Amino acid sequence: GGHLDLVMLGALQVSQSGDLASWMIEGGFTPGMGGAMDLVVDPSKTRVIATMTQLWHGQPKLVRNCTYPITGRAVVSRVITEMAVFDFPGHGAMPVLVDIVNTTSLEAVRNVTGFDFAVQEPLGS
């Protein structure tokens with residue numbers, strides 16, 4: 001770990017504290033953990049960006065606490081979805097919404113996000 005400056009991974013869930021669940025859905029599909037745990041082992045040296053859809057079968061994938069097995073705790077620094085971009089400052093700070101796509105609204109993003117977040121003003125800067 002720590003050999004890369006940036007890692008982009010797909011995510012099944014990301015928690016409010018930046019925990020990443022990316023390898024298994026309990027009782028269901030198990031793609032395997034692959035090398036993700038090795039890639040996210042040192043978030044102080046490697047920026048971890050998670051890419052994901054906002055919802056899975058109508059349920060938020062951005063959640064207060066992950067319900068799937070954890071790949072790494074407090075490792076995510078940014079999440080990019082089809083609706084929005086969130087930064088995770090770490091150290092117990094709330095995630096920050098930094099941008100939304102021009103075809104959605106702040107209210108729509110809040111409705112499909114399973115945790116509280118701050119909003120950067122202005123968005124997209």
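1. A contact here means heavy atoms within 4.5 Å of each other. With that in hand, a friendly first remark on this predicted model: among contacts between residues at least 6 apart in sequence, 64% join residues at least 24 apart.

2. On the overall make-up, the protein has two helices and eleven strands. Reading from the N terminus, the order of elements is β-β-β-α-β-β-β-β-β-β-β-α-β. Of the 125 residues, 41% are buried. The exposed surface comes to about 6800 Å², and carbon and sulfur atoms supply 54% of that area.

3. Now to the sheet. Six strands form an open sheet in the order 1-4-8-9-10-11, and the pairing is mixed. Its edges are strand 1 (6-10) and strand 11, each of which pairs on one side only. Inside that order, strand 8 and strand 9 run antiparallel to each other and are paired over three bridges. If you would like a landmark for this pairing, take Val 79, which stands opposite Phe 86 of strand 9.

4. Please have a look at Asp 87, a residue of strand 9. Which residues does Asp 87 touch, leaving aside its neighbours within four places in sequence? The list is Arg 47, Ser 77, Arg 78, Pro 95, Val 96 and Val 98. With one of these, Arg 78, Asp 87 makes a polar contact from side chain to side chain at 2.6 Å. The two residues also form a salt bridge, with the closest N and O atoms 2.6 Å apart. Arg 78 counts as partly exposed, at 24% relative accessibility.

5. How many salt bridges does the structure hold? There are two. As background, side chains of opposite charge can pair when their charged atoms come close. Besides the pair in point 4, Asp 19 forms a salt bridge with Arg 73, and here the closest N and O atoms are 3.4 Å apart. This pair links distant parts of the chain, 54 residues apart: Asp 19 sits in the loop between strand 2 (13-15) and strand 3 (20-21), while Arg 73 belongs to the loop between strand 7 and strand 8. The partners also contrast in accessibility: Asp 19 is buried, with a relative accessible area of 10%, whereas Arg 73 is exposed, at 58%.

6. Next, two backbone points that deserve a glance. Most residues other than glycine have a negative phi, and most peptide bonds are trans. Ala 74 has a positive phi of about 50° although it is not a glycine. Ala 74 is in the loop between strand 7 (62-63) and strand 8 (76-80), and that loop also holds Arg 73 of the salt bridge with Asp 19. Is Ala 74 buried or exposed? Neither label fits, because its relative accessible area is 46%, which makes Ala 74 partly exposed; the exposed class starts over 50%.

7. The other positive phi is at His 91, with a value near 55° in a residue other than glycine. His 91 is found in the loop between strand 9 (84-87) and strand 10 (96-100). With a relative accessible area of 87%, His 91 is exposed.

8. Where is the cis peptide bond? The bond joins Glu 121 and Pro 122, with omega about -10°. Pro 122 lies in the segment after strand 11 (118-119), and Glu 121 is placed in the segment after strand 11 too. Glu 121 is exposed, with a relative accessible area of 66%. To place Glu 121 against the rest of the chain, compare it with Asp 99: the two are 22 residues apart in sequence, and their C-alpha atoms are 9.6 Å apart in space.

9. Finally, the surface. Leu 6, Met 8 and Ile 80 form a nonpolar patch, with about 270 Å² of accessible area together. Met 8 is a residue of strand 1, and strand 1 is one of the edge strands of the sheet described in point 3.

How values were computed: Residues are numbered from 1 along each chain as its sequence is written. This is a predicted model: local features need pLDDT of at least 70, side-chain atom pairs count only at pLDDT 80 or more; totals for chains, interfaces and linings use all residues. Side-chain values use heavy atoms; hydrogens and water are left out. Helices (H or I, at least four residues) and strands (E, at least two) are DSSP runs, numbered from the N terminus. Buried means under 20% relative accessible area, exposed over 50%, partly exposed in between (1.4 Å probe, protein chains only). Accessible areas come from the Shrake-Rupley method with a 1.4 Å probe; for residues, only the protein chains shown count as cover. Two strands pair if DSSP finds at least two bridges between them. A polar contact is a pair of N or O atoms within 3.5 Å; within protein, one must be able to donate a hydrogen and the other to accept it, and residues adjacent in sequence count only if both atoms are side-chain atoms. Patches are made of residues with over 30% relative accessible area and no salt bridge: like charges are joined within 9 Å, nonpolar side chains (Val, Leu, Ile, Met, Phe, Trp, Tyr) within 5 Å. A salt bridge is a side-chain nitrogen of Lys or Arg within 4 Å of a carboxyl oxygen of Asp or Glu.
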